[in-house]
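Colleague: Please take a close look at the largest nonpolar core of this chain. Which residues have the most contacts inside it, and which elements give residues to it?

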Amino acid sequence: MYPAPSSRFLPALRESHVPYTRVQLMRADGVVVDLVHTDGSVTVDRGSAVRRTCSVTVPDTSLIPMTPTEQLAIYGGRLLIRRGVIYGDGTIESVPLGLFRIDSVEGDPALGPVTINGSGLEAAIADDKFLAPYSTRGATAAVTAITGLIQDSMPGAVIVNRASDAALGTMTWDTQGDRWAAVQECATAIGAEVYCDADGQFIIAELPDMLTAAVAWDVDAGETGVLISANRSFSRDGMYNVVVASGENSEDNAPAVSATASDTDPTSPTYVSGPFGRVPKFYSSATLINSGLAQGAANKLLRDALKPTATVSLTSLPNPCLEPGDVLRVTYENGQRELQQVQSFTISLGFDSITIATIGGKQDT
């Protein structure tokens, strides 16, 4: 169910390259079927609880489940979507765009077409609400707690940690509580987030720092570039520039702690002492049992305050290797150049197009 991780690659754009897409239906009964598709898309959004979603259009009307057996095979199944290129010599190089749980199948049973919608595996964890109070008592480290929360629902899940682990305060969630929200609360305590990647693995990681992370892709205007159009926008809706994170845990006899993170960059449009004004956000969790955890949570939530400030539309061969958090170097028609960080993107399965929403925007000198 969980394919081996694939290396990330960025193929150079050449006229001899042909786009390649493969959609596989991994049925619950173990049968794997290659699907001929006519259209579709994959959307990847860091701001959504379920990071990856897909929609695939196929002409095969037999995929519409008409009997209970067919329904079990489809609704317990997965979609694996890959994207890449076919080189001039016929060699295929591709990477996964996602492993998806099938959410719905619909279409005219006689004429078609059939539309299959899917969600990343976070959706399976979110749907599994707590049947009884759940406690992290005994799971002293954040990664241990996150692993327990996920694997209690999905025993075969692979968890990859790329963040700095730390001991958390004991947390207890009530019956009917949101398991995926509990996972994210544990991750926030160590300044990280949890998401399911294109290989179907659950990743614990911090958002990369735009100023220190390596540039993943150069997006240039002009005849030899891939930038077709760009639209810049700004909205202060939902933005804040001060975060106060606090915690108190009587079960662990941990005293109250608090930490503050602020946008102290004078060149930032949300500079806390600038004309944007002071807009605070308050966060409290019993997982925060020392000042280090409180500060990490405050820093993480302040980074989350960044909203998409530019939408970059690309055509030609999409880059299927992108991940939210990747840093792009964008060069516009007027020669201006800046660094942007990927927030979300949508790749079409029917046409060679990609739309990327980015956050930040720092001048690249």
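Modeller: Some background on the chain comes before the core. In this predicted model, residues 24 or more positions apart account for 69% of the contacts with a separation of 6 or more. Buried residues make up 48% of the 365 residues. The chain has five helices and 21 strands. Its radius of gyration is 22 Å, close to the 21 Å from the globule rule for 365 residues, so the chain is as compact as a globular protein of that length. Along the principal axes, the C-alpha atoms fill a box of roughly 65 × 60 × 35 Å.

Now the part you asked about. The largest nonpolar core holds 45 residues, and Ile 150 and Phe 202 have the most contacts inside it. Two or more residues each come from the helices H2 (122-127), H3 (142-153), H4 (179-188) and H5 (291-304), and from the strands S11 (193-196), S12 (202-205) and S15 (242-249). The most is given by H3, with six residues.

Leaving aside residues up to four places away in sequence, Ile 150 touches Ile 125, Ala 157, Ile 159, Trp 180, Val 183, Val 194 and Phe 202. Another core, of 36 residues, lies apart from this one; Val 44, Ile 64, Ile 116 and Val 226 are among its members.

As for the outside, the chain exposes about 16,800 Å², with 51% supplied by carbon and sulfur atoms. There are 25 positive and 41 negative charges, and their mean positions are 4 Å apart.

Technical notes. Residues are numbered from 1 along each chain as its sequence is written. This is a predicted model: local features need pLDDT of at least 70, side-chain atom pairs count only at pLDDT 80 or more; totals for chains, interfaces and linings use all residues. Side-chain values use heavy atoms; hydrogens and water are left out. A nonpolar core is a set of buried Ala, Val, Leu, Ile, Met, Phe, Trp, Tyr and Cys residues joined through side-chain atoms within 4.5 Å. Buried means under 20% relative accessible area, exposed over 50%, partly exposed in between (1.4 Å probe, protein chains only). Helices (H or I, at least four residues) and strands (E, at least two) are DSSP runs, numbered from the N terminus. Contact means heavy atoms within 4.5 Å. The radius of gyration is taken over C-alpha atoms; the globule rule is 2.2 Å times the number of residues to the power 0.38. Accessible areas come from the Shrake-Rupley method with a 1.4 Å probe; for residues, only the protein chains shown count as cover. Lys and Arg count as positive and Asp and Glu as negative; His and the chain ends are not counted. The place of a charge is taken as NZ of Lys, CZ of Arg, CG of Asp or CD of Glu.
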